[in-house]
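Visitor: Please take a close look at a single part of this model, and explain how that part is built and what surrounds it. I would like the cut-offs behind each term to be stated as you go.

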Amino acid sequence: MSGTKKQLLLARDEAGFFKKAADLFLESIAFAIKERKQCTIALSGGSTPKKLFQLLTQPYYQTRIDWPKVFIFWGDERCVPPTHGDSNYRMAQETLLSKVNIPKKNIYRIAGEMASPQEGAKAYEQALHAFFKLDYAIPHFDLILLGLGNDGHTASLFPKTEALNEDKKWITANYVEKFSTHRITMTVPIINDARRVLFLVQGEKKAEILHEVLRDDRPIDRYPAQLVRPNDGDLIWLFDKPAASKLPKPLLHAAFHL
Ligand code: 6PG
């Protein structure tokens with residue numbers, strides 16, 4: 001499964017988009033459990049994953065996912081309590097994790113509520129070191145879900161922010177000017193060591209930025225999302241027709257039409 005180059009998957013509509021996302025989620029889990037008896041997944045935040053999480057609670061997926069062998073992490077979190085409306089943890093907990101038989105001990109929440117965002121980042125990084133039993137080598141998540149913001153950010157790696165240059169820490173606090181607040185985020189190196197990275201880009205509003213990020217006729221790394229280039233894993237861009245509405249013909253031809 002790993003080591004393939006970038007794949008572009010074009011779903012004809014929203015329903016097809018979320019079905020493919022759920023099928024890829026299921027496939028990643030089955031493969032990881034077969035290979036390594038467990039699966040480690042970092043969820044993305046924002047609103048796009050919500051319908052994916054809801055779909056995963058349907059019987060077809062519930063009966064096929066061995067949740068006790070799945071370990072859930074986050075690619076980023078807002079600096080709010082887990083009960084806050086902006087919390088990525090809360091959204092996943094409410095739409096998915098509270099509805100499937102995943103043991104609570106398998107859920108590794110980022111403590112966004114800590115007084116110091118850097119302390120929160122450090123605590124999460126320590127939890128990852130302990131989980132993966134690694135001191136220095138970077139962990140390989142089986143699947144990292146990522147979204148795409150209209151400014152080309154992903155996780156909480158926003159344009160012109162310090163975290164973009166962080167190449168030592170796995171998790172860092174990142175001050176985001178546009179929100180006048182910190183976020184806690186995975187850094188580029190840990191994302192790029194994943195066995196599979198799946199970008200979920202859905203809807204007309206993402207058409208402009210998706211074209212900007214995927215076009216390769218401009219210097220790359222204009223946008224944080226372009227820094228995501230897995231060293232050895234799969235990179236899958238899953239988008240629907242509305243999100244693809246501004247892609248030029250060569251990119252549409254390069255995409256696999258679902
Ligand atoms: C977050 C996310 C962020 C998100 C994008 C897209 O915490 O907000 O991790 O990177 O994935 O902003 O968000 P939407 O899916 O809501 O468009």
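Guide: What follows looks at the sheet and the elements around it, after a few words on the whole chain.

The model is predicted, so local features are taken only where pLDDT is at least 70 and side-chain atom pairs only at pLDDT 80 or more, whereas totals for chains, interfaces and linings use all residues. Residues are numbered from 1 along each chain as its sequence is written, and side-chain values use heavy atoms, with hydrogens and water left out.

The secondary structure of the protein comprises eight helices and 10 strands, where helices (H or I, at least four residues) and strands (E, at least two) are DSSP runs numbered from the N terminus. The radius of gyration is 17 Å, close to the 18 Å that the globule rule gives for 258 residues, so the protein is as compact as a globular protein of that length; this radius is taken over C-alpha atoms, and the rule is 2.2 Å times the number of residues to the power 0.38. The C-alpha trace spans about 45 × 45 × 35 Å along its principal axes. Of the 258 residues, 54% count as buried, a term that stands for under 20% relative accessible area, with exposed meaning over 50% and partly exposed the range in between (1.4 Å probe, protein chains only). Among contacts between residues at least 6 apart in sequence, 76% join residues at least 24 apart, a contact being heavy atoms within 4.5 Å.

Now to the sheet itself. It is an open sheet of seven strands in the order β3-β2-β5-β8-β9-β1-β10, with parallel pairing. β3 (70-74) and β10 (256-257) stand at its edges with a single partner strand each, so one side of each is left without a neighbour in the sheet. Two strands are said to pair if DSSP finds at least two bridges between them.

Reading the order from the β3 edge, one meets β2 and β3 paired in the parallel sense over five bridges, with T40 opposite F71 in β3. Although β3 is an edge strand, five of its five residues are buried, so β3 is largely enclosed by the rest of the structure. Its side chains are split between two directions: V70, I72 and W74 point one way, F71 and F73 point the other way, and all are buried.

Strand β2 (residues 39-43) also pairs with β5 in the parallel sense, over two bridges, and here I41 stands opposite L143 in β5. Strand β5 (residues 143-146) is covered on both faces, since L143 and L145 on one side and I144 and L146 on the other are all buried. β5 then runs parallel to β8, to which three bridges join it, and I144 stands opposite V197 in β8. Beyond that, six bridges join strand β8 (residues 196-201) to strand β9 (residues 234-240), again in parallel, with L200 opposite L238 in β9.

The loops on either side of β5 each contain a residue with an unusual backbone sign for its type. K133, in the loop between α5 (117-132) and β5, has a positive phi of about 50° although it is not a glycine, and K133 counts as exposed because its relative accessibility is 74%. A155 lies in the loop between β5 and β6 (171-176) and likewise has a positive phi of about 50° without being a glycine, but A155 is buried, with a relative accessible area of 13%.

One helix meets the β2 and β3 part of the sheet. Six of the eight residues of α4 are buried, so this helix is largely enclosed by the rest of the structure; the buried residues are N88, Y89, M91, A92, Q93 and T95, and what covers them includes β2, α2 (49-56), β3 and β4 (76-78). N88, which belongs to α4 (residues 88-95), counts as buried at 3% relative accessibility. Leaving aside residues up to four places away in sequence, N88 touches G45, G46, W74, D76, E77 and R78, and W74 among these is one of the buried β3 residues.
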